[in-house]
Amino acid sequence: TLFTASCTTETTKDPDPVDKSVKVVTGTLTGSITWSKDTIYKLSGFVRVGSDDGTTIDNAGGAKGTLTIEAGTLIVGEKSSKGTLIIQRGSKIIAEGTASSPIVFTSEKSEGSKAAGDWGGLVICGLAPINIAGGKAELEGGYGGYFGGNDPADNSGILKYVRVEYAGVPINPNQEINSFTFGGVGNGTTLSYLQASYGGDDSFEWFGGTVNADHL
């Protein structure tokens, strides 16, 4: 397993309530990574799966990664660093929760003190066509979320029974990250049973792409 992000461990309580360690995740993840339900993952800053400098239409030179998240896993976003998870072009997220054991992205703050815009959100960037000259672009906010390509059937992975709460932090004035952001995502990607709650900007926003979704 390649895990190029840095991690530290803290102790906290999960709302289950079950004592779990907290792994702070930063930087870029490449190769095969698995996040398990017995650990809480804290996103510090812009955490990226794969790398992409936006210079080519197919991101041929970028490092790739696949992040697999077990059902029932809790991921929290750090407010001070605008914690955000970005799946770069050519990489994948496999997040298959269940109706009784969803995957939850939420604020790091305790219950009762969470608020809209506490952290960034979940961003997926794909290689499907977009309607911008040159066929590729960067998502608003200028945080390196490049999207667009030439593959309508591009596969960025699976999101199923995933909930995103209290996201939508402003990156710049009037440029917030959405709870779920999809840029150039292809129709090989599965988006099903997704819930956005208490966000500071849009619940779901698509920038081009060909993906289908159900049960939002």
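Is N131 buried or exposed? Select N131 to begin: N131 is exposed, because its relative accessible area is 77%, where exposed means over 50%, buried under 20% and partly exposed in between, with a 1.4 Å probe and protein chains only.

Before moving on, a word on what is on screen. This is a predicted model, in which local features need pLDDT of at least 70 and side-chain atom pairs count only at pLDDT 80 or more, while totals for chains, interfaces and linings use all residues. Residues are numbered from 1 along each chain as its sequence is written, and side-chain values use heavy atoms, with hydrogens and water left out.

**Colour by confidence**

Colour the chain by pLDDT, the predictor's confidence in each residue, from 0 to 100. The protein chain has a mean pLDDT of 92, and 92% of its residues reach 70 or more. Now select residues 1-15: pLDDT stays under 50 there, and the model has 44 contacts beyond four places in sequence for this stretch. A contact means heavy atoms within 4.5 Å.

**Back to N131**

Zoom out a little from N131 and you will see the loop between β12 (122-125) and β13 (137-138). Strands (E, at least two residues) and helices (H or I, at least four) are DSSP runs, numbered from the N terminus. Add F207 to the selection: N131 and F207 lie 76 residues apart in sequence and 9.0 Å apart in space, C-alpha to C-alpha.

**The open sheet**

Next, show the six strands of the open sheet, in the order β3-β6-β9-β12-β18-β20, with parallel pairing. At its edges are β3 (28-29) and β20, each pairing on one side only. Two strands pair if DSSP finds at least two bridges between them.

Pick β18 (residues 180-183) and turn on side chains: F180 and F182 point one way, T181 and G183 the other, and all are buried. In a regular strand the side chains alternate between the two faces of the sheet.

Which strands flank your selection? On one hand, four bridges join β18 to β12 in parallel, and C125 stands opposite G183. On the other, four bridges join β18 to β20 (residues 204-207), also in parallel. Here T181 stands opposite E205, and the bridge partner of G183 is F207.

**Last stop: E165**

Finally, select E165 in strand β15 (residues 157-165). E165 counts as buried because its relative accessibility is 12%. Show its neighbours beyond four places in sequence: E165 touches V104, F105, T106, S107, K114, W119 and S197.
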